[in-house]
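Welcome, and please open your viewer. We will take a short walk through this model, one selection at a time.

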Amino acid sequence: MPNFRLPADDLEYAVLCALWELRSASVRDLHQRVGVPAGLVYTTTAKVVDRLRDKALVERRREAGGFVYTPAAERATVERARARQLLSRFLGPGPRPAVAALVDAVDDVDPALLEELERAIRDKKGGGHGA
């Protein structure tokens with residue numbers, strides 16, 4: 001179980017992604033990267049960074065009279081946790097009908113993707129070579 005709480009919305013996730021890309025940044029840097037293009041005021045970006053820090057996703061240190069933020073959780077770890085959360089919400093308590101509907105939807109959108117998923121499942125089970 002991760003020792004952090006997941007981003008609650010798209011804005012928190014966008015700021016965290018920007019921080020993963022930059023590796024370390026001030027709120028001003030993050031605001032220029034995410035807040036300005038979204039039409040947000042600086043204080044909104046600052047509040048989002050504080051929320052990410054409260055969730056143990058971001059760490060801060062004092063540097064040159066201000067704070068610099070760095071990711072406290074690896075992207076792959078957060079992405080796995082987000083995927084698990086999404087799947088449990090999507091599949092609900094009875095996953096079989098939802099999985100069947102997902103397979104049908106993937107087949108409608110991109111039949112080749114269905115074959116890729118089948119290969120990925122075989123590989124995950126350990127029988128992906130030679131089928």
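In which helix does Cys17 lie? Select Cys17 and you will find yourself in helix H1. Keep in mind as you go that this is a predicted model. Is Cys17 buried or exposed? Its relative accessible area is 9%, which is under the 20% cut-off, so Cys17 counts as buried.

While Cys17 is still selected, add Arg89 and draw a line between the two C-alpha atoms. They are 22 Å apart in space, with their positions 72 residues apart in sequence.

Next, turn to the largest nonpolar core, which has 23 residues. Leu57 and Val78 have the most contacts inside this core. To see where its residues come from, colour four helices: H1 (10-22), H2 (27-35), H3 (42-54) and H4 (75-91) each supply at least two of them. H1 gives the largest share, seven residues.

Now centre the view on Leu57 and show what surrounds it. Setting aside neighbours within four places in sequence, Leu57 is in contact with Phe4, Arg5, Leu6 and Pro7, and also with Leu16 and Leu52. Its other contacts are Thr70, Pro71, Ala72, Ala73 and Val78.

For the last stop, select strand E1 (residues 58-63) and strand E2 (residues 66-71). The two strands run antiparallel and are joined by six bridges. Which residue in E2 is the bridge partner of Glu59? Look for Thr70, a residue you have already met as a contact of Leu57. Finish at the turn of this hairpin, where two residues sit between E1 and E2. Ala64 in that turn has a positive phi of about 55°.

Conventions:
Residues numbered from 1 in each chain as written. Predicted model: local features only at pLDDT ≥ 70, side-chain atom pairs only at ≥ 80, totals over all residues. Heavy atoms only, no water. Core = buried A, V, L, I, M, F, W, Y, C linked by side-chain atoms within 4.5 Å. Buried < 20%, exposed > 50% of the residue type's maximum accessible area, 1.4 Å probe, protein only. Contact = heavy atoms within 4.5 Å. Pairing = 2+ DSSP bridges.
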